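Work through the exercises below with the model open. Each task is followed by a stepwise solution.

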Amino acid sequence: MLLRAPIAMVLPSDAPLSSTEVLEILRQRWQASYDLQLIVRRGRLYLQVMWGYLEQQSFPMTAEAYTAKLEELTANLNGLGVAAQVRQWLCTTSDKPRLGKAMTLPLELPEGRASEFLI
């Protein structure tokens with residue numbers, strides 16, 4: 001069996017995230033296209049990997065809607081300057097998505113970026 005290195009391993013750590021890269025990481029790590037969300041809680045911004053996934057019959061989005069959401073999310077993450085942090089976490093976390101419990105990454109925003117995003 002030939003194992004492929006995750007796409008993130010061949011990109012420079014400061015390269016912008018793409019929706020294709022994130023989708024490939026999700027599928028290589030957990031064999032599913034999990035839903036991702038940015039949430040604000042108590043003045044902090046978090047990235048969550050939810051337990052629902054595109055391949056699930058009950059998933060509420062079409063493939064096109066999922067792709068559009070993922071593209072918007074990666075654009076936001078790149079704009080916030082946290083691409084390397086997200087890439088590292090997705091590739092190395094020992095946690096895995098499971099029913100009823102989202103995986104959560106507290107984002108460390110560069111100086112000045114939090115005030116632009118958090119109101």
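**Exercise 1: A helix pair**

In this predicted model, helix 1 (residues 19–30) packs against helix 3 (residues 83–92) with the axes 9 Å apart and at an angle of about 15 degrees. Classify the relative direction of helix 1 and helix 3, then describe their contact.

Solution.
- Step 1. Take the cut-off: angles under 35 degrees count as roughly parallel.
- Step 2. The angle is about 15 degrees, so helix 1 is roughly parallel to helix 3.
- Step 3. Add the handedness: the crossing of helix 1 with helix 3 is left-handed.
- Step 4. List the contact. Helix 1 contributes Glu-21, Val-22, Ile-25, Leu-26, Arg-29 and Trp-30. Helix 3 contributes Arg-87, Trp-89, Leu-90, Cys-91 and Thr-92.
- Step 5. Sort the contact by class: 7 residues are nonpolar, 1 is polar and 3 are charged.

**Exercise 2: The chain layout**

State how many helices and strands the protein chain has, and give their order.

Solution.
- Step 1. Count the elements: the protein chain has 4 helices and 3 strands.
- Step 2. Read from the N terminus: the order is α-β-β-α-α-β-α.

**Exercise 3: Burial, contacts and surface**

Describe the protein chain by its buried share, its contacts and its exposed area.

Solution.
- Step 1. Apply the burial cut-off, under 20% relative accessible area. Of the 119 residues, 38% are buried.
- Step 2. Take contacts with a separation of 6 or more: 63% of them join residues 24 or more positions apart.
- Step 3. Turn to the surface. The protein chain exposes about 7,200 Å². Carbon and sulfur atoms supply 54% of that area.

Note on methods
Residues numbered from 1 in each chain as written. Predicted model: local features only at pLDDT ≥ 70, side-chain atom pairs only at ≥ 80, totals over all residues. Heavy atoms only, no water. Helix = DSSP H or I, 4+ residues; strand = E, 2+ residues; numbered from the N terminus. Buried < 20%, exposed > 50% of the residue type's maximum accessible area, 1.4 Å probe, protein only. Contact = heavy atoms within 4.5 Å. Areas by Shrake-Rupley, 256 points an atom, 1.4 Å probe, with all protein chains shown as cover. Axes fitted to C-alpha atoms, helices over the stretch in contact; angles between N-to-C directions. Parallel < 35°, antiparallel > 145°, perpendicular 65-115°, else oblique. Left-handed = near helix turned anticlockwise from the far one by under 90°. Nonpolar A, V, L, I, M, F, W, Y, C, P; charged D, E, K, R; others polar.
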